[in-house]
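Reader: Hello! I am new to this structure and would love a close look at a single part of it. Could you take the pairing of strands as your topic and walk me through it slowly?

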Amino acid sequence: MRAWPILVAALLTPRGAAAEEMSIPSPYPVLLDRALTVAELEGGILVLPNAPISPANRGGATPIGAVGNGDATVQTGIHVLYRPTRWWAIGASALFAPNPTSDPNYSGGASKLQRTHSRSYLFLGGEARFYPLRLGSFAGWLGVTAGGLIIADRFGTNSGPAVPSLLGTKIVNVSTEGAAVGLQLGADYLITDRVVVGLALRADRWFLPAQKPFSQESSCDALGDCPTLTGSVDAFEIGLKVGYQVPL
């Protein structure tokens, strides 16, 4: 009879040890299982399918060549997010096109001068993400974005004598300020407990005024070159991200 307690203990001990071993946390915890902050750097491509730099310059300039019939350019950005639960996150983002498409044969505007035209983009705003899909170190998310937008049209006159910079330059900037809202989706993969990589896709709608905000003045320059983007503009983005997260 005394052997039964020993036998029962022998049978239960391995199972208890196995259960305890299975409960040991992984060295790379499952993504989104705890509150954290994360900073992400992003690089990708911005495409405006219906907004070329000029009728003669369509498709833009990207590392993979021309994209579509509008403008396309490299875009970089940073995202700073706070995720209080495993389901959602909120934060701010800044996106910028560092190397805008340039057309050296632009002849628009009232002056009809031979000019070089380029157009850069800056977005500053907020975003929210919802994480409905989680599988190990993978996570899929949906989100929304909203914020302010600054479009800078840069015109440089190709002809004319060179003058000292004290007397001015042959380059004129015409800016347009507006708003942007959009939808986004993406996927993240945790490669360590701090480093995450991912992919993001966005579809945005830009709203740009035809004149200066809160004014009846035109945004055109003295030579008659005006902002080349006004009204409602569609924009699409694809980006690769790398982030560093800090558990709270």
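Author: With pleasure. Let us start with one term: two strands are said to pair if DSSP finds at least two bridges between them. Please also keep in mind that this is a predicted model.

A good place to begin is the pair formed by strand S2 (71–83) and strand S3 (88–96). Seven bridges join S2 to S3, and the two run antiparallel. Among the facing residues here, Leu81 stands opposite Gly91 in S3. The two strands form a hairpin, with four residues between them.

To see where this hairpin sits, step back for a moment. The chain has one helix and nine strands, and the helix comes at the start of the order, since reading from the N terminus gives α-β-β-β-β-β-β-β-β-β. Among contacts between residues at least 6 apart in sequence, 68% join residues at least 24 apart.

Now follow the pairing outwards from the hairpin. On one side, S2 pairs with strand S1 (36–48) in the antiparallel sense, over 13 bridges. There Val47 stands opposite Ala72 in S2. A residue of S1 worth pausing on is Leu46. Its relative accessibility is 1%, and because buried means under 20%, Leu46 counts as buried. Setting aside neighbours within four places in sequence, Leu46 is in contact with residues that include Asp71, Ala72, Thr73 and Gln75, as well as Tyr121, Trp206 and Glu237. Leu46 and Ala97 are 51 residues apart in sequence, yet their C-alpha atoms lie 8.0 Å apart in space.

The loop between S1 and S2 is the place of Asn57. At 17% relative accessibility, Asn57 counts as buried too. Beyond its neighbours within four places in sequence, Asn57 is in contact with Pro52, Thr101, Ser102 and Asp103.

That brings in Ser102, which stands opposite Ser118 in S5. Strand S4 (residues 102–106) is joined to S5 by three bridges, and these strands run antiparallel.

On the other side of the hairpin, S3 pairs with strand S5 (115–135) in the antiparallel sense over nine bridges. Here Leu95 stands opposite Phe123 in S5; please remember these two. S5 is in turn joined to S6 by 19 bridges, again antiparallel. In S6, Asp153 is the bridge partner of Arg119. S5 and S6 form a hairpin as well, with two residues between them, and Gly136 in the turn has a positive phi of about 60°.

Asp153 also leads us to a residue of strand S7, Val172. Apart from neighbours within four places in sequence, Val172 is in contact with Arg115, Asp153, Arg154, Phe155 and Asp221. With 27% relative accessibility, Val172 counts as partly exposed. The C-alpha atoms of Val172 and Ala152, 20 residues apart along the chain, are separated by 10.0 Å.

What lies among these strands? In soluble globular proteins, nonpolar side chains tend to be buried together. The largest nonpolar core in this model has 15 residues, and those touching the most other members are Leu48, Tyr121, Ile151, Trp206, Leu229 and Val233. S1, S5, S6, S8 and S9 each supply at least two residues of this core. If we leave aside neighbours within four places in sequence, the contacts of Val233 are Leu48, Ala51, Asp204, Arg205, Trp206 and Leu208. Across the whole chain of 248 residues, 35% are buried.

There is empty space too. The structure holds two cavities of 30 Å³ or more, and the largest contains about 120 Å³ of space. Of its 17 lining residues, the closest to the centre are Leu95, Phe123, Asp204, Trp206 and Glu237. Here are the two residues I asked you to remember: Leu95 and Phe123, which stand opposite one another. The hairpin we began with takes part as well, for S2 and S3 each supply at least two residues of this lining, as do S5, S6, S7 and S8. By type, the lining divides into nine nonpolar, five polar and three charged residues.

Methods: Residues are numbered from 1 along each chain as its sequence is written. This is a predicted model: local features need pLDDT of at least 70, side-chain atom pairs count only at pLDDT 80 or more; totals for chains, interfaces and linings use all residues. Side-chain values use heavy atoms; hydrogens and water are left out. A nonpolar core is a set of buried Ala, Val, Leu, Ile, Met, Phe, Trp, Tyr and Cys residues joined through side-chain atoms within 4.5 Å. Buried means under 20% relative accessible area, exposed over 50%, partly exposed in between (1.4 Å probe, protein chains only). Contact means heavy atoms within 4.5 Å. On a 1 Å grid over the protein atoms alone, a cavity is a set of points where a 1.4 Å probe fits but cannot get out, and a pocket is an open set with protein on both sides within 12 Å along at least five of seven lines; lining residues have an atom within 4 Å of a point. Grid points are joined across faces, edges and corners, and a volume is the space filled by probe spheres set on the points. Ala, Val, Leu, Ile, Met, Phe, Trp, Tyr, Cys and Pro count as nonpolar, Asp, Glu, Lys and Arg as charged, and the others, Gly among them, as polar.
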